[in-house]
Amino acid sequence: MSPFSPPTATPPRDLAALLRVIEAGLLCGPRQAREIASAIRSLGAWLHTGLDRLPTDPAALRRHLAKLHSERVGVSPARFANVKSLLNRALALAGVKPANRPIAEALSPSWARLFLKLREEPYIRSSLSPFARFCSALAIEPNAISDKITAHYLEHLEQYSLRRPATTHQTVCRAWEQARSRIAGWPEIAVTVPFYGATYTRPLTAFPASFQADLDSYLGRLGCEDVSDLLDPAAPVRPLKQSSIKT
C-alpha cells in the first residue's frame, strides 16, 4: 500500500487549501510535492489571483486555463503544459471529484459484450472506453447512441475535465465511426464527427479595388472567357467550369 493517501476529510475546495495539503506531505513524496507546489503558485501568479479565490473545481480551473497562453505568461509551452499536468495530478491525489460524476467504474453488460469485438483494435478500444463507462453510468445502451448522446458527453467533459474536451469529443466520434465501418456486429448508428478547427475569411470587398480587379481578370482567364485567352501561354490547358472557379 502506498504511504500516501487522500485525506479522509472533504477534499480541498480551493488552491490555497490544496497547496497546504501538498506541502504537508500527505499525498506524495517531497520532490513531487515541491513540483506541484510550484505549479500551483505559478497558476496563481499567472492569473493575478489569490489561491484562496481559485476553486479546485475542474470546470472552473479549465475556464481559467483557457484564458492563458504560454507566451502571454512568459514561459515555454513545455513549462505551461507541465504546470497543467502537475495541477491535474494534484487534484487527483487530493480526491477532487465533483459530486455525482457520471462515470461508471466498469462497463455495463451490453457495453462489455460490444467491447469484446475490439480485442484487435486497441486504439478504438482506448478511445471509446471512457465514453462507454459514461454511458454505462447513465444506463445508455450502445444501440441508443446518437449525436445527442455524444453532445451530452461533451458537456460532461467541459464540466469535469481539465484536458481538451473538444478534442476528446472529436476522437470519440471518430473512433465510433471507425468501429461502425470496420467491426462486424457494431451498431449501425452513425454519429457526426465534429470539426473544431479555427478558420476565418475576409470578404472580398475588404481588399483594395486593384486586387479585386486583378482577381476578376485571373478568374476570367481560368475560364477562357475572352477568345484571346485561348492563345495565352498562362491560360489553363482546359477551361475550368464556373463551379471550379468559384471554389
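What percentage of the 247 residues of the chain count as buried? The figure is 38%. Bear in mind that this is a predicted model.

I'll begin with the overall layout. The chain has 11 helices and zero strands. Reading along the sequence, you meet α-α-α-α-α-α-α-α-α-α-α.

Now the start of the chain. Threonine 10 sits in the segment before α1, and it counts as exposed because its relative accessibility is 55%. In sequence, threonine 10 and alanine 94 are 84 residues apart, yet their C-alpha atoms are 9.3 Å apart in space.

Aspartate 14 is in the segment before α1 too, with α1 covering 15-23. Aspartate 14 is buried and has no salt bridge. The nearest side chain of opposite charge belongs to arginine 20, at 4.9 Å. A salt bridge requires the nitrogen to be within 4 Å of the carboxyl oxygen, so that distance does not qualify. What the side chain of aspartate 14 does have is a polar atom 2.8 Å from the backbone nitrogen of alanine 17.

On to the salt bridges. How many are there? The count comes to five. One of them joins the side chains of arginine 41 and glutamate 23, at 2.2 Å from N to O. Arginine 41 is in helix α2 and glutamate 23 in helix α1, so this pair ties together parts that are 18 residues apart in sequence. Both ends are partly exposed: arginine 41 at 43% relative accessibility, glutamate 23 at 47%.

Another pair stays inside helix α2. Glutamate 35 forms a salt bridge with arginine 31, with the closest N and O atoms 3.7 Å apart. Why are these two separated by about one helical turn? Because they are four residues apart in that helix. In general, an α-helix has 3.6 residues a turn, so residues three or four places apart point the same way. Glutamate 35 is partly exposed at 35%, while arginine 31 is exposed at 63%.

Helix α9, residues 165-182, holds a pair three residues apart, arginine 180 and glutamate 177, again separated by about one helical turn. Their side chains meet in a salt bridge at 2.8 Å, N to O. Arginine 180 counts as partly exposed, with 25% relative accessibility. Glutamate 177 counts as buried because its value, 19%, is under the 20% cut-off. Glu177 and Arg180 also belong to a network of salt bridges that includes Glu188.

Next, some backbone angles. Histidine 48 is not a glycine, but it has a positive phi of about 55 degrees. Its place is the loop between α2, 30-47, and α3, 58-66, and at 74% relative accessibility histidine 48 is exposed. Alanine 139, also not a glycine, has a positive phi of about 60 degrees. Alanine 139 lies in the loop between α7, 122-137, and α8, 147-160, and is exposed at 63%. Cysteine 224, just after α10, takes a positive phi of about 50 degrees.

That brings us to α10 itself. Its 14 residues should span 20 Å at 1.5 Å a residue, and its end C-alpha atoms are 20 Å apart, which agrees. Phenylalanine 211 is in this helix, residues 209-222, and is partly exposed at 40% relative accessibility.

Which residues form a nonpolar patch on the surface with Phe211? They are Leu204 and Phe207, and the three together have about 250 Å² of accessible area.

Key. Residues are numbered from 1 along each chain as its sequence is written. This is a predicted model: local features need pLDDT of at least 70, side-chain atom pairs count only at pLDDT 80 or more; totals for chains, interfaces and linings use all residues. Side-chain values use heavy atoms; hydrogens and water are left out. Patches are made of residues with over 30% relative accessible area and no salt bridge: like charges are joined within 9 Å, nonpolar side chains (Val, Leu, Ile, Met, Phe, Trp, Tyr) within 5 Å. Accessible areas come from the Shrake-Rupley method with a 1.4 Å probe; for residues, only the protein chains shown count as cover. Buried means under 20% relative accessible area, exposed over 50%, partly exposed in between (1.4 Å probe, protein chains only). The expected span of a helix is 1.5 Å times one less than its number of residues. Lys and Arg count as positive and Asp and Glu as negative; His and the chain ends are not counted. A polar contact is a pair of N or O atoms within 3.5 Å; within protein, one must be able to donate a hydrogen and the other to accept it, and residues adjacent in sequence count only if both atoms are side-chain atoms.
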